[in-house]
Amino acid sequence: MKSNNRGFSLIELLVVVAIMAVLTGGFLVSPAVGRKKIVDTFAHELAGQIQYSKQLSMAREGQWQMTVYEKDGEYFCVHENKKSDTWSTWSNEEFLGYSGEILCEKTFQDGISGETGVEGEIYRIYRFDKNTGRCVAGAGTFTISGYGKQIGVTVYEETGRCEITREEL
């Protein structure tokens, strides 16, 4: 009996090597793409919370604000209500991201320091007018950066409108 065992052809080996290269490249690229999405997720979550804060301010009685802060290496935001001259937390802390992955520009307004019920390093406080929705504290751009990406979350003073702008570094 004759055995026809010649092995693999050069074409077959090249096809296998090409497939392995494509799969390996996909695994190397996907973590980088995932890390860039962390910055996007932070910005979209923050923008959503700012809009929610504006809605609370216009729909509910009393004064309302949203505070962005860092505590134990994590960024959070919380909605607060002013009752009898004291700010108290109304909502649960909303997790925004880790400070080791994301860098936020600290733009806290000195004029309203101490007017919050949260513990941690304050980065920004947003307040909106009940009747017009105008941003009375916190207007401007809050810059978030990380993994070669920089995103600004801008709140316009006149309208309280929130907008996200992107810039690759």
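**Exercise 1. Buried or exposed?**

Task: Decide whether aspartate 40 is buried or exposed.

Solution: Aspartate 40 has a relative accessibility of 16% and therefore counts as buried, since buried means under 20% relative accessible area. Keep in mind as you work that this is a predicted model.

**Exercise 2. The partners of aspartate 40**

Task: Find which residues form salt bridges with aspartate 40, and say where in the chain they lie.

Solution:
- Step 1. Start with lysine 149, which forms a salt bridge with aspartate 40, with the closest N and O atoms 2.8 Å apart.
- Step 2. Place this pair: aspartate 40 belongs to helix α1 and lysine 149 to strand β9, so the bridge links distant parts of the chain, 109 residues apart.
- Step 3. Check the cover: lysine 149 is buried, as is aspartate 40.
- Step 4. Turn to arginine 166, whose side chain meets that of aspartate 40 in a salt bridge at 3.6 Å, N to O.
- Step 5. Place this second pair: arginine 166 sits in strand β10 (residues 162–168), 126 residues apart from aspartate 40 in helix α1.
- Step 6. Compare with the cut-offs: the relative accessible area of arginine 166 is 48%, so this residue is partly exposed.

**Exercise 3. Another salt bridge, and the network**

Task: Locate the salt bridge of glutamate 93, then name the residues that shared partners join into one network.

Solution:
- Step 1. The partner of glutamate 93 is lysine 71, and their closest N and O atoms are 2.9 Å apart.
- Step 2. Glutamate 93 lies in the loop between β3 and β4, while lysine 71 lies in strand β1, 22 residues apart.
- Step 3. Glutamate 93 is partly exposed because its relative accessibility is 36%; lysine 71, with 28%, is partly exposed too.
- Step 4. Asp40, Lys149 and Arg166 are joined into one network by salt bridges that share partners.
- Step 5. For context, a search of the whole structure gives five salt bridges.

**Exercise 4. Following strand β6**

Task: Work out which strands pair with β6 and how covered this strand is.

Solution:
- Step 1. Strand β6 spans residues 121–128, and seven of its eight residues are buried.
- Step 2. On one pairing, β6 runs antiparallel to strand β1 (residues 63–71), joined by six bridges. Here arginine 124 is the bridge partner of valine 68.
- Step 3. On another, β6 runs antiparallel to strand β7 (residues 135–137), joined by two bridges. Phenylalanine 128 stands opposite cysteine 135 there.
- Step 4. Look at the turn: the hairpin of β6 and β7 has six residues between the strands, and glycine 133 takes a positive phi near 80°.

**Exercise 5. A second hairpin**

Task: Describe how β8 and β9 pair and what happens in the turn between them.

Solution:
- Step 1. Strand β8 (residues 140–146) pairs with β9 in the antiparallel sense over seven bridges.
- Step 2. One pair to click on is serine 145, which stands opposite glutamine 150 in β9.
- Step 3. Two residues lie between the strands of this hairpin, and tyrosine 147 in the turn has a positive phi of about 55°.
- Step 4. Check the cover: β9 (residues 149–155) has six of its seven residues buried.

**Exercise 6. The nonpolar core and a surface patch**

Task: Identify what builds the largest nonpolar core, then find a nonpolar patch on the surface.

Solution:
- Step 1. The largest nonpolar core has 23 residues, and Phe42, Leu46, Ile50, Val68, Phe142 and Ile144 have the most contacts inside it.
- Step 2. At least two residues of this core come from each of α1, β1, β2 (74–83), β6, β8 and β9.
- Step 3. Helix α1 gives the most, with six residues.
- Step 4. Zoom in on valine 68: beyond four places in sequence, its contacts include Leu46, Phe76, Tyr126 and Phe142.
- Step 5. A second, separate core has six residues, among them Tyr69, Phe76, Val78 and Val118.
- Step 6. On the surface, Ile11, Val15, Ile19 and Leu23 form a nonpolar patch with about 390 Å² of accessible area together.
- Step 7. Isoleucine 11 is part of helix α1 and counts as exposed because its relative accessibility is 58%.

Key
Residues are numbered from 1 along each chain as its sequence is written. This is a predicted model: local features need pLDDT of at least 70, side-chain atom pairs count only at pLDDT 80 or more; totals for chains, interfaces and linings use all residues. Side-chain values use heavy atoms; hydrogens and water are left out. Buried means under 20% relative accessible area, exposed over 50%, partly exposed in between (1.4 Å probe, protein chains only). Helices (H or I, at least four residues) and strands (E, at least two) are DSSP runs, numbered from the N terminus. Two strands pair if DSSP finds at least two bridges between them. A nonpolar core is a set of buried Ala, Val, Leu, Ile, Met, Phe, Trp, Tyr and Cys residues joined through side-chain atoms within 4.5 Å. Contact means heavy atoms within 4.5 Å. Patches are made of residues with over 30% relative accessible area and no salt bridge: like charges are joined within 9 Å, nonpolar side chains (Val, Leu, Ile, Met, Phe, Trp, Tyr) within 5 Å. Accessible areas come from the Shrake-Rupley method with a 1.4 Å probe; for residues, only the protein chains shown count as cover. A salt bridge is a side-chain nitrogen of Lys or Arg within 4 Å of a carboxyl oxygen of Asp or Glu.
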